[in-house]
Amino acid sequence: MKTWKLVSGILSIVLFVLMMVQSCAATALDAINRQGGTSGGAGVICAALILAGGIVSIATRNSEQKGGNISLIILFGLCAIIGFTSHGIYKDLIAWSIWAVINAVLALVALKQKSKA
């Protein structure tokens with residue numbers, strides 16, 4: 001699981017940059033079209049949660065305690081909930097939410113493995 005946490009953390013930090021660019025573009029598109037959408041704002045929040053999850057994932061990869069996995073489940077789970085419920089015109093937010101679900105599930109698996117050990 002140490003390798004997964006490192007790879008997941010690096011990919012999450014890289015995806016943060018892409019998500020922020022797309023979220024800002026979605027916000028600008030909402031403003032230009034005067035649709036009153038919130039998908040850009042939801043994308044910014046999800047990007048921040050993915051960044052935080054990536055940092056926590058890298059920082060706790062060698063930890064034997066459960067707190068890192070619990071925080072990963074909360075961060076990525078919250079991102080998935082926000083992304084799936086408020087994607088609006090920003091359909092790529094669904095893909096980022098799926099990435100967050102994958103990370104949350106793998107953190108749950110890691111937590112269960114530590115509980116058995």
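At what angle do α1 and α2 pack, and how far apart are their axes? The angle is about 165°, and the axes are 8 Å apart. Any angle over 145 degrees counts as roughly antiparallel, so α1 is roughly antiparallel to α2. As α1 passes α2, the crossing is left-handed. Keep in mind while you look around that this is a predicted model.

Let's take the helices one by one, starting with α1. This helix has 32 residues and reaches 45 Å from its first C-alpha to its last, close to the 46 Å expected at 1.5 Å a residue. Its buried residues are W4, K5, S8, G9, S12, L15, M19, S23, A26 and D30. There's a general pattern worth having in mind here: an α-helix has 3.6 residues a turn, so residues three or four places apart point the same way. And what covers those buried residues of α1? The cover includes α2, α3 and α4. Just past the helix comes R34, whose phi is positive, near 50°.

Now move on to α2, which runs over residues 39-59. With 21 residues at 1.5 Å each, α2 should span 30 Å, and its end C-alpha atoms are indeed 30 Å apart, so the two agree. The buried set in α2 is S39, G40, A42, G43, C46, A47, L49, I50, G53, G54 and S57. These buried residues pack against α1 (2-33), α3 (67-85) and α4 (92-116). Not everything in α2 is hidden, though. A52 lies in this helix too, and at 28% relative accessibility A52 counts as partly exposed. If you want to see how A52 sits relative to α1, try S12: A52 and S12 are 40 residues apart in sequence, but 8.8 Å apart in space, C-alpha to C-alpha.

Next up is α3. Its 19 residues should span 27 Å at 1.5 Å a residue, and the end C-alpha atoms are 27 Å apart, which agrees. G68, N69, L72, L75, F76, G77, C79, A80 and G83 are the buried residues here, and they pack against α1, α2 and α4.

So how does α3 meet α4? The two axes come within 8 Å and cross at roughly 155°, which means α3 and α4 are roughly antiparallel to each other. Their crossing is left-handed.

The pairing of α2 with α4 is another story. Their axes come within 11 Å and cross at roughly 25°, and angles under 35 degrees count as roughly parallel, so that is how α2 and α4 run. Here again, α2 passes α4 in a left-handed crossing. The contact is made by S39, A42, G43, C46 and I50 on the α2 side, and by L93, W96, W99 and A100 on the α4 side.

Which residues have the most contacts inside the largest nonpolar core? They are M19 and I50, in a core of 21 residues. The elements giving two or more residues to this core are α1, α2, α3 and α4. Of these, α4 gives the most, with six residues. I50 is a nice one to click on. Leaving aside its neighbours within four places in sequence, I50 is in contact with S12, M19, F76, C79, W96, W99 and A100.

To finish, look at two residues in α4. N103 lies in this helix, and with a relative accessible area of 1%, N103 is buried. Setting aside neighbours within four places in sequence, N103 is in contact with W4, S8, S12 and F76. N103 is 44 residues from A59 in sequence, and the two are 15 Å apart in space, C-alpha to C-alpha.

A110 is also placed in α4. Is A110 buried or exposed? At 2% relative accessibility, A110 counts as buried. Outside its neighbours within four places in sequence, A110 is in contact with M1 and N69. For a sense of distance, compare A110 with A28: they are 82 residues apart in sequence and 39 Å apart in space, C-alpha to C-alpha.

Methods: Residues are numbered from 1 along each chain as its sequence is written. This is a predicted model: local features need pLDDT of at least 70, side-chain atom pairs count only at pLDDT 80 or more; totals for chains, interfaces and linings use all residues. Side-chain values use heavy atoms; hydrogens and water are left out. Helices (H or I, at least four residues) and strands (E, at least two) are DSSP runs, numbered from the N terminus. The expected span of a helix is 1.5 Å times one less than its number of residues. Buried means under 20% relative accessible area, exposed over 50%, partly exposed in between (1.4 Å probe, protein chains only). Contact means heavy atoms within 4.5 Å. A nonpolar core is a set of buried Ala, Val, Leu, Ile, Met, Phe, Trp, Tyr and Cys residues joined through side-chain atoms within 4.5 Å. Axes are lines fitted to C-alpha atoms, for helices over the stretch in contact, and angles run from 0 to 180 degrees between N-to-C directions. Angles under 35 degrees count as roughly parallel, over 145 as roughly antiparallel, 65 to 115 as roughly perpendicular and the rest as oblique. A crossing is left-handed if the near helix is turned anticlockwise from the far one by less than a right angle, and right-handed if clockwise.
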